[in-house]
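Subject: Structure for your review

Dear colleague,

Please find the structure below, together with its sequence. I would be grateful if you read the notes that follow with the structure open beside them.

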Amino acid sequence: MARQISKLERSLYRRFAQAVREFDLIQDGDRIMVAVSGGKDSYALLHFLDIMRRRAPVRFDLIAVHLDQAQPGYDGRPLEGYLQEHGYDYRLLHRDTYSIVVEKTLPGQAYCFMCSRLRRGILYQAALELGCTKIALGHHRDDALETLMLNLIFSGQLKAMPPKLVSDDRRNTVIRPLIYCGTPELKQLAVEHGFPILPCNLCGTQENLQRVAMRTMLDQIEAANPGARNRMLAALINVRPSHLLDRKLWDALQLPGLASTLQSPPP
């Protein structure tokens with residue numbers, strides 16, 4: 001008997017497919033490495049990519065890759081059981097990044113930056129070794145908006161998470177097909193499907209993380225202005241370069257009346 005597809009899953013899949021289509025994330029012949037962390041987002045990503053793989057007119061392959069970072073109390077058996085049960089091609093990588101992160105992170109600093117940097121390097125190398133043309137990550141709308149806020153407030157940059165990113169050495173291409181999907185719906189999907197979530201016990205041991213602060217701020221904005229998150233995401237698509245202050249951007253886009261009249265700022 002065919003599984004009943006809920007309205008929630010249909011809605012999320014439509015947004016997933018929209019992102020793939022609009023940003024040209026998948027091409028014929030792709031071999032996509034799906035980074036499966038054990039969180040709700042990466043399970044949803046793998047699930048939707050598998051559906052698309054069976055439905056899409058283009059042919060592409062998937063391989064799920066999970067990285068065991070040797071965190072205390074880690075148990076990846078539920079995730080591996082899920083991958084086996086659903087017939088996914090997968091690889092489990094084992095690297096003790098936990099010890100490095102704990103040793104190198106100064107007191108009071110968040111572990112997230114170094115942890116993600118080490119994990120990214122390992123996944124990039126694994127993608128090359130496995131002959132993958134793309135690396136699919138489970139980042140979604142709220143991740144992009146939190147990153148936007150972090151960069152605005154702490155880095156002085158107008159930068160979020162793009163749906164497609166080529167690495168600096170041009171050897172890897174990262175895609176984020178869930179960029180139009182939000183946290184509340186992904187949480188509901190995880191409950192519907194009973195995804196075996198693996199907890200991350202590293203970042204959770206630290207309080208007052210900057211990203212958590214941004215999430216709280218966005219929650220407050222959303223509560224006061226329902227739909228704010230979706231409008232903020234729309235703003236990332238509806239950019240007006242002529243109303244920004246980046247003069248190099250004016251030059252690059254050859255904006256009429258701006259690029260040719262740039263003057264150096266007063267000393």
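F23 counts as partly exposed, because its relative accessibility is 30% and the partly exposed class lies between 20% and 50%. Please bear in mind that this is a predicted model. Y180, in contrast, is buried, with a relative accessible area of 11%.

The search of the whole structure finds eight aromatic pairs. F23 and Y180 form a tilted one, with 6.0 Å from centre to centre and 50° between the planes. Why does this pair tie together parts that are 157 residues apart in sequence? The reason is that F23 lies in the loop between α1 (7-22) and β1, whereas Y180 lies in the loop between β6 (173-175) and α7 (183-193).

Two further findings concern aromatic rings. Y43, Y82, Y88 and F195 form one aromatic cluster. In addition, R55 lies over the face of Y13, at 5.2 Å from the ring centre.

I turn now to the strands. Strand β2 (residues 61-68) is mostly covered, as seven of its eight residues are buried. Strand β1 (residues 31-35) pairs with β2 in the parallel sense over five bridges, and M33 has I63 in β2 as its bridge partner. Between these strands the chain passes through helix α2 (residues 40-55), in a β-α-β crossover that is right-handed.

β2 also pairs with strand β3 (residues 90-94), in the parallel sense and over five bridges. Here the bridge partner of A64 is Y90 in β3. The chain runs from β2 through helix α3 (residues 77-85) to β3, and this β-α-β crossover is right-handed.

Yours sincerely

Note on methods. Residues numbered from 1 in each chain as written. Predicted model: local features only at pLDDT ≥ 70, side-chain atom pairs only at ≥ 80, totals over all residues. Heavy atoms only, no water. Buried < 20%, exposed > 50% of the residue type's maximum accessible area, 1.4 Å probe, protein only. Helix = DSSP H or I, 4+ residues; strand = E, 2+ residues; numbered from the N terminus. Pairing = 2+ DSSP bridges. Right-handed = clockwise from strand over helix to strand, strands pointing away. Phe/Tyr/Trp six-rings, centres within 6.5 Å; stacked < 30°, edge-to-face > 60°. Lys NZ or Arg CZ within 6 Å of the ring centre and 35° of its normal.
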